[in-house]
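Trainee: Hey, have you got a few minutes to go through this one with me?
Mentor: Sure, pull it up and ask away.

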Amino acid sequence: MNMKANQPWVSICQVTDIPKLGSRVVQRDAGNVAVFRSAADVVFALLDHCPHKGGPLSQGIVHGESVTCPLHSWNIDLATGEARAPDEGCARRFPVKVVEGEVFLSL
């Protein structure tokens, strides 16, 4: 994760507020952000918009460190935002960090 020192970090929730293998949505005018939690409690943030047809990734199924889009079953890597082969495309990633159980997002 490449984070700039001057990025504004916004507290969005506690890790425990995100279900394991689930997500929460941060609403914003420029497009919602889906915040995911893996079974290992790793937190990821992607634009809530599949690169294929714009499906809401937050409504997809999380497995391992991937999410499957609910519209056309594209698998998106949560760490990179990249669609898994044979599909091609990328969902925008957002820097996220966890400090003492609190989730921070850089928008």
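Trainee: How many aromatic pairs does the structure hold?
Mentor: Zero. For a pair, ring centres of Phe, Tyr or Trp (its six-membered ring) must lie within 6.5 Å; planes under 30 degrees apart count as stacked, over 60 as edge-to-face and the rest as tilted. Keep in mind that this is a predicted model, where local features need pLDDT of at least 70 and side-chain atom pairs count only at pLDDT 80 or more, while totals for chains, interfaces and linings use all residues. Residues are numbered from 1 along each chain as its sequence is written, and side-chain values use heavy atoms, with hydrogens and water left out.

Trainee: OK, then what sits over the ring of Phe104?
Mentor: The charged end of Lys97, 5.9 Å from the ring centre. The rule asks for NZ of Lys or CZ of Arg within 6 Å of the ring centre and within 35 degrees of the ring normal.

Trainee: Switching topic: how many helices and strands are there?
Mentor: Zero helices and nine strands in the protein chain. These are DSSP runs numbered from the N terminus: H or I with at least four residues for helices, E with at least two for strands.

Trainee: And how compact is the chain for its length?
Mentor: Its radius of gyration is 13 Å, close to the 13 Å from the globule rule for 107 residues, so the protein chain is as compact as a globular protein of that length. That radius is taken over C-alpha atoms, and the rule is 2.2 Å times the number of residues to the power 0.38. Along its principal axes, the C-alpha trace spans about 35 × 25 × 25 Å.

Trainee: What share of the residues is buried?
Mentor: 41% of the 107 residues. Buried means under 20% relative accessible area, exposed means over 50%, and partly exposed is in between (1.4 Å probe, protein chains only).

Trainee: Cysteines next. How many disulfides turn up?
Mentor: Zero in the whole structure; a disulfide would need a pair of cysteine sulfur atoms within 2.5 Å.

Trainee: Why no bond for Cys90?
Mentor: Because the closest cysteine sulfur, in Cys50, is 11 Å from the sulfur of Cys90, too far for a bond. Cys90 is partly exposed, at 42% relative accessible area. Cys13, by contrast, is buried, at 15%.

Trainee: Now Pro70, where does that lie?
Mentor: In the loop between strand 6 (66-68) and strand 7 (75-77). Pro70 is partly exposed, with a relative accessible area of 40%.

Trainee: Which residues does Pro70 touch?
Mentor: Pro56, Gln59 and Gly60, leaving out residues up to four places away in sequence. Contact here means heavy atoms within 4.5 Å. Pro56 is 14 residues from Pro70 along the chain, and their C-alpha atoms are separated by 7.2 Å.

Trainee: Anything to look at in the backbone?
Mentor: Ser73 lies in the loop between strand 6 and strand 7, and its phi is near 65 degrees, a positive value in a residue other than glycine. Glu100 has a positive phi too, near 50 degrees.

Trainee: Is Glu100 buried or exposed?
Mentor: Exposed, at 81% relative accessible area. You'll find Glu100 in the loop between strand 8 and strand 9 (102-106).

Trainee: Last one: what kind of peptide bond joins Ala85 and Pro86?
Mentor: A cis one, with omega about 15 degrees. Pro86 lies in the loop between strand 7 and strand 8 (96-99).
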